[in-house]
Amino acid sequence: MSDQPDVVRTDSQFEIRTGEAVTFAEYRVKDGAITFPHTVTPAALRGRGFATRLVEAGLAYAQEQNLLVRPHCSFFRAYLAKHPELHAIVHPDERAALTAA
């Protein structure tokens, strides 16, 4: 059993709840793509890997649902830029931004 709180998917976000605090990544699904516009980690929860876990859960969901990813959130973009093996699931219109200097 893990000591880490679970990632939960709602209709509009992936979230991790710890007490009163919530780390979340918003998403929208439209036209065969999932857009991640925003990720929020409260200051008290930063540095615990929660945002990375949300990104990984969101990308896994995209793959399970055969959705192309639109990483409008800077944290999602940075994660994907470091993982070129995942670029195939990124919407073609968004791929160039992952390799731009």
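The following conversation goes through the sheets, the core and two loop residues of a predicted model.

Student: Where should we begin with the sheets? Which strands form the open sheet of four strands, and in what order?

Tutor: Its order is 1-2-3-6, and the pairing is antiparallel.

Student: Which strands stand at the edges there?

Tutor: Strand 1 (8–9) and strand 6 do. Each has a single partner strand, so one side of each is left without a neighbour in the sheet.

Student: What packs on that sheet?

Tutor: Helix 1 does, touching strand 1, strand 2, strand 3 and strand 6. The direction of helix 1 makes about 145° with that of strand 2.

Student: How many bridges join strand 2 to strand 3?

Tutor: Six bridges join them, and the two strands run antiparallel. Among the paired residues, Gln13 has Glu26 of strand 3 as its bridge partner, and Arg17 stands opposite Val22 in strand 3.

Student: And what lies between those two strands?

Tutor: Strand 2 and strand 3 form a hairpin with two residues between them. Gly19, in the turn, has a positive phi of about 65°.

Student: How many bridges pair strand 3 with strand 6?

Tutor: Strand 3 and strand 6 (residues 39–40) pair over two bridges, in the antiparallel sense. Phe24 is opposite Val40 of strand 6 in this pairing.

Student: Let us turn to the sheet of three strands. What is its order?

Tutor: The order is 4-5-7, in an open sheet with mixed pairing. Strand 4 and strand 7 are the edge strands; each has a single partner strand, so one side of each lacks a neighbour in the sheet. From one strand to the next, the twist averages 25°.

Student: Is the pairing of strand 5 and strand 7 parallel or antiparallel?

Tutor: Strand 5 and strand 7 pair in the parallel sense, over three bridges. Thr35, in strand 5, has Arg70 of strand 7 as its bridge partner.

Student: Is Thr35 buried or exposed?

Tutor: Thr35 is buried, because its relative accessibility is 9% and the cut-off for buried is under 20%. Beyond its neighbours within four places in sequence, Thr35 is in contact with Glu26, Tyr27, Arg28, Arg70 and His72.

Student: Now the interior. How many residues are in the largest nonpolar core?

Tutor: That core has 23 residues. Those with the most contacts inside it are Phe14, Ile34, Phe36, Leu59, Val69, Phe76 and Leu80. At least two core residues come from each of strand 2 (13–18), helix 1 (50–64) and helix 2 (74–81). Helix 1 supplies the largest share, six residues.

Student: Why would such residues gather inside?

Tutor: In soluble globular proteins, nonpolar side chains tend to be buried together.

Student: Which residues does Ile34 touch?

Tutor: Not counting residues up to four places away in sequence, Ile34 touches Tyr27, Arg28, Val29, Tyr61, Ala62, Leu67, Leu68, Val69 and Arg70.

Student: One last topic, the backbone of the loops. What is the phi of Asp31?

Tutor: Asp31 has a positive phi of about 55°, although it is not a glycine. Asp31 lies in the loop between strand 4 (28–30) and strand 5 (33–35). Asp31 is exposed, as its relative accessible area is 74%.

Student: And where is Asn66 found?

Tutor: Asn66 is in the loop between helix 1 and strand 7 (68–70). Asn66 is not a glycine, yet has a positive phi of about 55°. With 68% relative accessibility, Asn66 counts as exposed.

Technical notes:
Residues numbered from 1 in each chain as written. Predicted model: local features only at pLDDT ≥ 70, side-chain atom pairs only at ≥ 80, totals over all residues. Heavy atoms only, no water. Core = buried A, V, L, I, M, F, W, Y, C linked by side-chain atoms within 4.5 Å. Buried < 20%, exposed > 50% of the residue type's maximum accessible area, 1.4 Å probe, protein only. Contact = heavy atoms within 4.5 Å. Pairing = 2+ DSSP bridges. Axes fitted to C-alpha atoms, helices over the stretch in contact; angles between N-to-C directions.
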